[in-house]
Amino acid sequence: MDKLDLLFPEAVGEWTPDRLLPYRETWRHRSPEQLLEWALRTFSPIALATSFGPSGIVTMAMVARLRPQPTTFYLDTGLLFPETYRLRDQLAEQLHLQFTQITPELGLEAQVEQYGEALWASQPDLCCQLRKVRPLRHFLASQQAWITGIRRDQGGSRATIEPVEWDYAHNLVKLNPLAYWTREQVWDYIREHDLPYNRLHDEQFASIGCIPCTRPVTAHEPERAGRWAGQVKTECGIHIQPDGKVRRV
Ligand code: SF4
């Protein structure tokens, strides 16, 4: 053991679902900042994922305060809104971050050649596989843990997430520090800390992804109703476990 191992013995050795299990209870009701502080000194390499949504902004602001230049990545499908790229640049400047851009192997033109126009309309699951799920899997293969901004109150398969879980799809530790936060808490934090946000939120967009699969919502619709509207699909697949269920450590 070196000096660092003696200071943080938790950080030593391989992580498995069994080893992680006791931490689920420990971290369930602590603050996101406490969880992030523990996670950043326990797991290495560790990366923060963002789609530049409000929860991701809060999480990255918390992480940026704890560690200079944390690994922060986003999945660039090539179909993001110009407003999203503007927000990326604002966040990079304000929080002193350098974003890692993860891109699909298949460019958009090659996708059209191989699968035809508008794969997102004809086979959205395949489109998400090619543009999000596979690139993420490839990137996470080099990580010990990843941090997301997903929350229980976003509903669907997210309704039962825990702050600390084992990600069976990618075989690593997954941390959801805002799991028990509400949408209101997230927006309060953004206002209190004067953080930038995607200006499309001022035009009734609640959850913002790729241009072809995102529409504004009415005041009475759930947060994610504007994603893949009119389809049964509710998730791109990066937060779904391999057996189609959400298995928790
Ligand atoms: S969200 Fe839509 S456009 Fe983006 S990768 Fe998925 S199906 Fe394709």
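**Strands, core and ligand shell in a predicted model**

Leu48, a residue of strand β1, stands opposite Thr72 in strand β2. The chain passes from β1 through helix α4, which spans residues 54–66, and on to β2, and this β-α-β crossover is right-handed. The structure described here is a predicted model, and the points below go through its strands, its largest nonpolar core, the surroundings of its ligand and one buried glycine.

**Strand β1 and its partners**

- Strand β1 covers residues 46–49, and two bridges join it to β2, residues 72–75, with the two strands running parallel.
- β1 also pairs with strand β4, which is made of residues 145–147, and this pairing is again in the parallel sense, over three bridges.
- Leu48 has a bridge partner in β4 as well, namely Ile147, in addition to standing opposite Thr72 in β2.
- Both faces of β1 are covered, since Ile46 and Leu48 are buried on one side, while Ala47 and Ala49 are buried on the other.

**The largest nonpolar core**

- In soluble globular proteins, nonpolar side chains tend to be buried together.
- The largest nonpolar core of this model holds 50 residues, and those that touch the most other members are Ala39, Ile46, Ala145, Trp146, Ile147 and Leu175.
- Helix α8 gives the most to this core, contributing six residues.
- Leu175 is in contact with Leu35, Ala39, Ala145, Ile147, Pro163 and Val164, when its neighbours within four places in sequence are left aside.

**Around the ligand**

- The ligand has 13 residues around it, of which Trp120, Cys127, Cys128, Cys210 and Cys213 come nearest.
- Helix α8, residues 124–140, supplies the largest share of this shell, with five residues.
- Sorted by class, the shell around the ligand contains nine nonpolar residues, two polar residues and two charged residues.

**Gly226, a buried glycine**

- Gly226 lies in the segment that follows helix α9, whose residues are 183–192.
- Gly226 counts as buried because it has 20 C-beta neighbours inside 10 Å, and a residue needs 20 or more to be placed in that class.
- Not counting residues up to four places away in sequence, Gly226 touches Phe205, Ala206, Ser207, Thr214, Arg215, Pro216 and Val217.
- Gly226 and Gly156 are separated by 70 residues in sequence, and their C-alpha atoms are 14 Å apart in space.

Notes. Residues numbered from 1 in each chain as written. Predicted model: local features only at pLDDT ≥ 70, side-chain atom pairs only at ≥ 80, totals over all residues. Near = placed C-beta within 6 Å. Helix = DSSP H or I, 4+ residues; strand = E, 2+ residues; numbered from the N terminus. Nonpolar A, V, L, I, M, F, W, Y, C, P; charged D, E, K, R; others polar. Core = buried A, V, L, I, M, F, W, Y, C linked by C-beta atoms within 7 Å. Buried ≥ 20, exposed ≤ 12 C-beta atoms within 10 Å, placed from the backbone. Contact = placed C-beta atoms within 7 Å. Pairing = 2+ DSSP bridges. Right-handed = clockwise from strand over helix to strand, strands pointing away.
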